[in-house]
Amino acid sequence: MINPLHNTDTIVAVATASGTGAIAVIRLSGPEAITITNSVFKGKDLTKQASHTIHFGSIRDEGKILDEVLVSLFVGPHSYTKENVVEISCHGSDFIVQQIVKLLLKNGARLANAGEFTKRAFLNGQFDLAQAEAVADLISSDSALSHEVAMKQMRGGFSQEIKRLRGELVHFASMIELELDFGEEDVEFADRDQLRTLILNIQGIIRELLKSFELGNVIKNGVPTVIVGNPNAGKSTLLNKLLNEEKAIVSDVPGTTRDFIEDEINIEGITFRFIDTAGLRETTDKVEAIGVERTMQKLSQSSLIIYLFDITEVTADEVQAELDRLNPKNLPLIAVANKIDQASNEKLIAFESIENLVQISAAEGANLEDLKQALVNKVNLGKLNTQQQTIVTNLRHVDSLNKTYAALDDVLNGLALSMSGDLVAADIRRALYSLGEITGEITTDDLLDNIFTKFCIGK
């Protein structure tokens with residue numbers, strides 16, 4: 001691990017989104033953050049002010065006023081990065097922002113790299129690596145559930161679970177290592193039965209954590225939901241109604257949609273990424289044929305399928321045969337009968353044998369709430385309690401948990417074969433290493449670069 005508080009340079013970046021707005025925030029962090037800002041600030045002497053105070057004044061370049069600003073001071077270690085941090089709130093003109101940043105660079109700061117503020121916070125012990133990654137998840141959260149899960153992880157919920165497991169393993173590892181020091185005396189400090197019981201318990205917890213990733217991935221990234229069906233079944237009309245905007249072209253001419261169209265909506269805290277696809281039919285039109293081929297590709301990549309059909313044009317047997325053909329992997333699927341406003345009661349009753357059927361009129365907006373509820377039910381969040389339940393949302397964590405589980409399997413095999421303590425200890429160390437990668441107790445520069453370069457500049 002890199003030594004904390006190792007940075008001797010001061011970084012600067014715009015912390016607010018690009019584009020003209022009422023205000024913009026420019027953030028500095030480093031040993032000279034206050035001094036550099038003070039050198040261009042006309043107002044109180046910032047070097048003599050207390051932490052967590054705000055000061056009004058102007059930013060000047062050799063006497064020329066660039067803007068009137070508010071300067072917020074956070075004196076280290078009482079800041080996000082545990083370094084001196086300054087946040088300059090100025091007017092949101094791109095020109096003003098660029099001029100102030102250039103002035104700060106001229107006076108000794110350097111441009112921050114992506115995620116460098118959060119990286120410094122991690123290196124300086126503000127929080128661990130899993131919590132740092134949760135910061136990025138919090139920024140990108142677009143639903144109540146994704147926000148709630150990210151907040152819990154940022155506050156250390158997942159980290160505490162990992163540290164507890166790792167702490168229990170460390171105890172047994174140290175006992176086995178102690179045995180090796182007394183190798184000639186044939187003593188046993190680590191009770192093998194207790195170790196076996198502990199490992200089985202840890203593996204059980206890891207299985208639950210890995211199982212939670214399916215749900216966590218849904219919460220974080222949304223549910224890829226493909227809308228398929230024959231041409232002119234009303235797929236584009238349905239998409240437009242769900243999105244409440246004219247996203248897709250609607251026409252009576254079959255085959256209007258030649259490619260897929262994507263957009264997303266949030267239903268009861270769950271983000272659904274809808275994909276409207278080309279109609280399923282044999283065609284001699286080369287462009288449309290490519291669209292049909294892409295439809296089948298999207299089907300294989302989806303987590304949820306909406307099969308939409310015109311109830312006035314097909315029979316229940318034809319629909320069931322198409323459902324069996326389209327869904328060989330048995331993915332969650334909702335059959336949606338469209339144009340019920342044009343169908344007789346006898347026709348509606350004839351389709352009641354179809355499982356997971358929702359009957360709607362996309363054009364009239366009838367029963368769309370029933371469809372939305374069916375979508376939520378298919379995701380099956382169950383009795384999710386994000387305040388108590390630990391949910392894994394990060395693929396890197398999944399990889400480390402799988403490695404830990406495999407190493408613990410090797411420990412169990414070693415115990416079953418009465419292998420020597422040094423071999424058992426080596427497998428426990430592998431498990432500890434993989435767990436340590438999650439929280440950053442074990443890390444490398446390459447790993448940190450891979451994580452933090454995915455952050456936005458200024459965070």
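In strand β5, lysine 64 is the bridge partner of aspartate 61. Strands here are DSSP runs of E of at least two residues, and helices are runs of H or I of at least four residues, both numbered from the N terminus. The model is predicted, and local features need pLDDT of at least 70, side-chain atom pairs count only at pLDDT 80 or more, and totals for chains, interfaces and linings use all residues. Residues are numbered from 1 along each chain as its sequence is written, and side-chain values use heavy atoms, with hydrogens and water left out.

The bridge between aspartate 61 and lysine 64 belongs to the pairing of β4 (residues 53–61) with β5 (residues 64–74), which is antiparallel and extends over 9 bridges. Two strands are taken to pair if DSSP finds at least two bridges between them. Within this pairing, glycine 57 stands opposite valine 69 of β5. The hairpin of β4 and β5 has 2 residues between the strands, and glutamate 62 takes a positive phi near 50° there.

Strands β4 and β5 belong to an open sheet of 7 strands with mixed pairing, in the order β3-β4-β5-β6-β2-β1-β7. The edges are formed by β3 (41–42) and β7 (110–111), each of which has a single partner strand, so one side of each lacks a neighbour in the sheet. In general, strands of a sheet pair through backbone hydrogen bonds, either parallel or antiparallel. At one edge, β3 and β4 are joined in the antiparallel sense by 2 bridges, and lysine 42 has serine 58 of β4 as its bridge partner. Further into the order, β5 and β6 run antiparallel and are joined by 5 bridges, with phenylalanine 74 opposite valine 85 of β6 as bridge partner. The antiparallel pairing of β2 and β6 extends over 8 bridges; there, leucine 28 has valine 86 of β6 as its bridge partner.

Serine 72 lies in strand β5. Its relative accessibility is 12%, so serine 72 counts as buried; buried means under 20% relative accessible area, exposed means over 50%, and partly exposed lies in between (1.4 Å probe, protein chains only). With residues up to four places away in sequence not counted, serine 72 touches Thr53, Ile54, Val85, Val86 and Glu87, a contact being heavy atoms within 4.5 Å. Of these, Val85 is also the bridge partner of phenylalanine 74, and Val86 that of leucine 28.

Two helices lie against this sheet. Helix α2 (residues 94–106) lies across β1 (11–14), β2 (21–29), β4, β5, β6 (85–92) and β7, and runs at about 150° to β6. Helix α3 (residues 116–123) packs on the sheet and touches β1, β2 and β7, its direction making about 135° with that of β1. Axes are lines fitted to C-alpha atoms, for helices over the stretch in contact, and angles run from 0 to 180 degrees between N-to-C directions. In helix α5 (residues 144–154), the buried residues are Leu145, Ser146, Val149, Ala150, Met151, Lys152 and Gln153. Glycine 156, just after α5, takes a positive phi of about 100°.

An unreviewed UniProt entry lists Ser236 and Thr257 under "binding site"; UniProt positions follow the numbering used here, feature names are shortened, and annotations may be inferred rather than shown by experiment. Serine 236 is part of helix α8 (residues 235–243) and is buried, at a relative accessible area of 10%. Lysine 241 is also found in helix α8, but is partly exposed, with a relative accessible area of 37%. Its contacts, leaving aside neighbours within four places in sequence, are Ala362, Ala363, Gly365 and Leu368. The C-alpha atoms of lysine 241 and glutamate 364 are separated by 9.2 Å, although the two residues are 123 residues apart along the chain.

Over the whole protein chain there are 15 helices and 13 strands. Of its 459 residues, 48% are buried. Among contacts with a separation of 6 or more, 66% join residues 24 or more positions apart. The chain exposes about 22600 Å², of which carbon and sulfur atoms supply 49%; accessible areas come from the Shrake-Rupley method with a 1.4 Å probe, and for residues only the protein chains shown count as cover. A search of the whole structure finds 0 disulfides, defined as pairs of cysteine sulfur atoms within 2.5 Å. Cysteine 90 is buried at 2% relative accessibility, whereas cysteine 456 is partly exposed at a relative accessible area of 39%.
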